[in-house]
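Trainee: Can we go through this one together? I'd like to know what to look at.
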Amino acid sequence: TSNKRTLRTLFRSAALPPPVISETSPSQRKLLAYHRGKEQQVMINQLLIDRALEVYYITMDEADKEENAPPVTELPSTVRKHFFLNLAYLVLYYLFLKKCVQSNPVVPIQQQWLRSMLTMVPQPLMEGRDRELLTEDLLKEIVRDYETSMQRCVLRRTLIKPDIEELDKLEEEAPLPLLPLGLDFSSTWHNSYITAKKQITSTLHILHPTMQTLLDFGYTAFFNFLVVDFSSSRLKGPVDCKSFKTDASLSCSKAEDEIMSTWHQRVIGLFAQSEALDGVKLDQLESFYNCVAVLMSNQLKELLQRTTEVFVKLFDPEDRSHLPLFKMDLTFDENKMEFYPSLQDLEEAILFIVDCIGQTLQNVQMIHAWLMGGTATLDAELPAHTVQWAKSTLKKSIRDNLEGPREHFKGYVESYGWLVDGTAEERINRFVAEQPSFDEYT
């Protein structure tokens, strides 16, 4: 009848065999098999009795269940024996067939598959003294997993496991592996890539053709240009500190005028054309001009930073081929010998050049402000860490390069200082006061 169940309906699809392979010794396997066999026999007996009762009640009509069903403990012995034998035969036959299937050899893995897998291992991991041993272990693990998967697949396609919960405990099979958590394989990367590319194209203004032209203007104007260039100062001979500072100020001012009349005018001419904003939406104008301002600021900062680095390199103690020459006098005033200008003044004059470079091009008007009649200027200030590095490096280089003049000055003081600092006059007065003899005078 429709409301009855048969033994066939008690079966379900079998789960895959466990991926774990026992690594116990032969002696341990024999001992475990003996104990497991005794435990399984007890469980099978109880299992078959319970399942026989269940099937007995399933095959009864509803009226029989309500009126004529005897208590579980009062089932006829012939009924219990009948179902017990059938279920026992079913379980034992399934276990026998499973053992036969698992004992059959599986198709071996192809060697070209293993070689292909090894090519995916990063090359640094394939180098070293233990490379061959690690590679062998890796291949053994791959082969072991492959054979296990093949056995589970063949078993699943060949046998249908009975729907008996206790049978899972007897077989001690591990559950099937789950998919990695947090990974979504429902869609490929191509759609998201196309979406991201369209978004970048529409919002990343640096890809706009006008920005490429602006980059070209900056490269053409600045790639071989310096705000201050003292690389040929040594060829002109010694120079005093005041003239050195004046030359730096004039050079910075001249460079700024040249940049504003060439590069900045070309940029203004570029954005004065309507084609410069092709493809830019009205609500994106502000961000577009912000991108222009950042690009121009970076170009000016790169120019000032490169000029600073070139100037600092002139004072490298290990390469004095371009080291500037400074005119210094050894003076005697009020019974005191000293350099003019002093070593401190010389250091301040050299560090002044760094500040002079940093103060150049600080009033360059933004393109958007120029178009709208505003007064906003570009941020072209040298980074603080660049200024700090330049001054600390110059101070050390100045100290190293002034070791010679210091030793020269020290030699003068040690040799002739006593003649001008009052020591000689004091010794003469003391000698005269002692009223020496004629021979002593002599």
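**Rings, core and loops**

Mentor: Start with one residue: F339 is buried, at a relative accessible area of 15%. Keep in mind that this is a predicted model.

Trainee: Why does F339 count as buried?

Mentor: Because the cut-off for buried is under 20% relative accessible area, and F339 has 15%.

Trainee: How many aromatic pairs are there?

Mentor: The count comes to twelve aromatic pairs. One of them is F339 with F409, and that pair is tilted because the ring planes are at 40°, between the limits of 30 and 60 degrees. The ring centres are 5.4 Å apart.

Trainee: Which parts of the chain does that pair link?

Mentor: Distant ones: F339 is in strand 2, residues 337–340, and F409 is in helix 15, residues 403–420. The two are 70 residues apart.

Trainee: And F409, buried or exposed?

Mentor: Neither; F409 is partly exposed, with a relative accessible area of 24%.

Trainee: What about Y412 and Y416, how are their rings placed?

Mentor: The centres of the Y412 and Y416 rings are 6.2 Å apart and the planes are at 45°, so this pair is tilted. Both residues lie in helix 15, four residues apart, which is about one turn of the helix. Y412 is partly exposed at 32% relative accessibility, and Y416 is partly exposed at 46%.

Trainee: Which rings form a cluster?

Mentor: F230, F244, F311, F315 and F326 are linked into a cluster by ring pairs.

Trainee: What does F311 touch?

Mentor: Leaving out residues up to four places away in sequence, F311 touches F230, F244, I350, I353, V354 and L394. F311 also matters for the core count: of the 56 residues in the largest nonpolar core, F271 and F311 touch the most other members.

Trainee: Which elements give two or more residues to this core?

Mentor: Helix 8 (209–222), helix 9 (241–261), helix 10 (263–271), helix 11 (285–313), helix 12 (343–358) and helix 14 (384–401). Helix 11 gives the most, with twelve residues.

Trainee: Step back for a moment. What does the secondary structure of the whole chain come to?

Mentor: The chain has 17 helices and two strands. Of its 442 residues, 28% count as buried. The accessible surface is about 30,300 Å², and 55% of that belongs to carbon and sulfur atoms.

Trainee: And what share of the contacts is between residues 24 or more positions apart?

Mentor: Of the contacts with a separation of 6 or more, 78% are between residues 24 or more positions apart.

Trainee: New topic. Where is H264 found?

Mentor: H264 is in helix 10, and it is buried, with a relative accessible area of 4%. A polar atom of the H264 side chain lies 3.2 Å from the backbone oxygen of Q365.

Trainee: What else is H264 in contact with?

Mentor: Apart from neighbours within four places in sequence, H264 is in contact with I259, M296, V364, Q365 and I367.

Trainee: What lies over the face of F352?

Mentor: K245 does, at 5.0 Å from the ring centre.

Trainee: On to the loops. Where does I109 lie?

Mentor: I109 is in the loop between helix 3 (77–103) and helix 4 (111–119). At 11% relative accessibility I109 counts as buried. Neighbours within four places aside, its contacts are L114, I142, V143 and Y146.

Trainee: Which residues does a cis peptide bond join?

Mentor: Y340 and P341, with omega about -10°. P341 lies in the loop between strand 2 and helix 12.

Trainee: And what is the phi of L361?

Mentor: The phi of L361 is near 60°, a positive value in a residue other than glycine. L361 is in the loop between helix 12 and helix 13 (367–372). Q435 also has a positive phi, of about 45°, and is not a glycine. Q435 is in the loop between helix 16 (423–433) and helix 17 (438–441).

Trainee: Are those two buried or exposed?

Mentor: L361 is buried, at 0% relative accessibility, whereas Q435 is exposed, with a relative accessible area of 69%.

Note on methods:
Residues numbered from 1 in each chain as written. Predicted model: local features only at pLDDT ≥ 70, side-chain atom pairs only at ≥ 80, totals over all residues. Heavy atoms only, no water. Core = buried A, V, L, I, M, F, W, Y, C linked by side-chain atoms within 4.5 Å. Buried < 20%, exposed > 50% of the residue type's maximum accessible area, 1.4 Å probe, protein only. Contact = heavy atoms within 4.5 Å. Areas by Shrake-Rupley, 256 points an atom, 1.4 Å probe, with all protein chains shown as cover. Phe/Tyr/Trp six-rings, centres within 6.5 Å; stacked < 30°, edge-to-face > 60°. Lys NZ or Arg CZ within 6 Å of the ring centre and 35° of its normal. Polar contact = N/O pair within 3.5 Å; in protein donor to acceptor, adjacent residues only side chain to side chain.
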